[in-house]
Amino acid sequence: MSGKPKLYYFDGRGKMESIRWLLAAAGVEFEEEFLETREQYEKLLQGGSLLFQQVPMVEIDGMRMVQTRAILSYIAAKYNLYGKDLKERALIDMYVGGTDDLMGFILMFPFLPAEDKEKQRAFIVQKATSRYFPVYEKVLKDHGQDFLVGNSFSWADVHLLEAILMVEEKKSDVLSGFPQLQAFKARISSIPTIKKFLEPGSQRKPVPDDKYVETVRRVLR
């Protein structure tokens with residue numbers, strides 16, 4: 001277990017996508033092993049790799065890490081994307097937590113019955129524009145800096161950009177009333193490591209499709 005981090009998950013977004021984003025933002029190359037069969041999953045279980053019997057799982061620095069938040073926190077701290085002191089770290093945790101709540105509404109979207117998707121799409125947009133985006137718009141406006149915390153690029157910025165793009169997939173003009181977030185999106189997207197991750201051919205995953213949903217259901221039963 002050495003060299004590049006190795007990610008164990010499905011060939012799709014899910015909870016692993018934020019880990020891919022953060023590694024990419026840090027400029028870290030990583031390998032992936034995609035779960036396609038129940039047998040692969042059971043082999044990981046029987047080998048004791050999945051501490052709580054679930055993925056994502058990441059091999060990094062001699063560890064087999066599970067629990068998405070723990071993995072993300074470790075990567076953020078290791079690559080100086082977690083603020084310069086405890087107060088900045090607390091703010092980053094707070095903003096990431098809010099963004100996580102919004103993402104949670106989106107992660108389950110592909111698994112909904114077709115007849116429920118339009119209602120959930122409207123719900124996601126409503127929550128984004130009334131509860132979450134106004135917070136970040138105000139933060140950026142009030143402190144007048146380029147980044148959410150300490151005027152330094154951090155995990156909070158990466159996570160928010162990921163969330164913005166996810167919501168834009170549900171409604172393309174969702175940022176029309178948020179000029180600070182429009183500028184933030186352009187600014188963060190132009191950071192070289194992020195720009196590279198957003199280009200075709202990167203390890204960023206596309207919008208989940210029926211094949212992804214079927215694979216997850218088959219493997220996890």
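**Phenylalanine 10 and the packing around helix α7**

With a relative accessible area of 2%, phenylalanine 10 is buried, since the cut-off for that class is under 20%. The model is a predicted one. Phenylalanine 10 sits in the loop that joins β1 (6-9) to α1 (17-25). Its C-alpha atom is 4.8 Å from that of phenylalanine 34, although the two are 24 residues apart along the chain. Leaving aside residues up to four places away in sequence, phenylalanine 10 touches Arg20, Phe34, Leu35, Val55, Tyr212, Thr215, Val216, Val219 and Leu220.

A second buried set belongs to helix α7, residues 179-189, where Leu181, Phe184, Ile188 and Ser189 are buried. Viewed down the axis of α7, these buried residues fall within an arc of 115°, and they therefore line one face of the helix. An α-helix has 3.6 residues a turn, so residues three or four places apart point the same way. The cover over the buried residues of α7 includes α5 (114-143), α6 (155-168) and α8 (192-198).

Two of these covering helices, α5 and α6, also pack against each other, at an angle of about 150° and with their axes 11 Å apart. Because angles over 145 degrees count as roughly antiparallel, α5 is placed roughly antiparallel to α6. The crossing of α5 past α6 is left-handed. On the α5 side, the contact is made by Ile124, Ala128, Phe133 and Tyr136; on the α6 side, by Leu160, Ile164 and Val167. Sorted by type, the residues of this contact are seven nonpolar, no polar and no charged.

Definitions and conventions:
Residues numbered from 1 in each chain as written. Predicted model: local features only at pLDDT ≥ 70, side-chain atom pairs only at ≥ 80, totals over all residues. Heavy atoms only, no water. Buried < 20%, exposed > 50% of the residue type's maximum accessible area, 1.4 Å probe, protein only. Helix = DSSP H or I, 4+ residues; strand = E, 2+ residues; numbered from the N terminus. Arc of directions from axis to C-beta. Contact = heavy atoms within 4.5 Å. Axes fitted to C-alpha atoms, helices over the stretch in contact; angles between N-to-C directions. Parallel < 35°, antiparallel > 145°, perpendicular 65-115°, else oblique. Left-handed = near helix turned anticlockwise from the far one by under 90°. Nonpolar A, V, L, I, M, F, W, Y, C, P; charged D, E, K, R; others polar.
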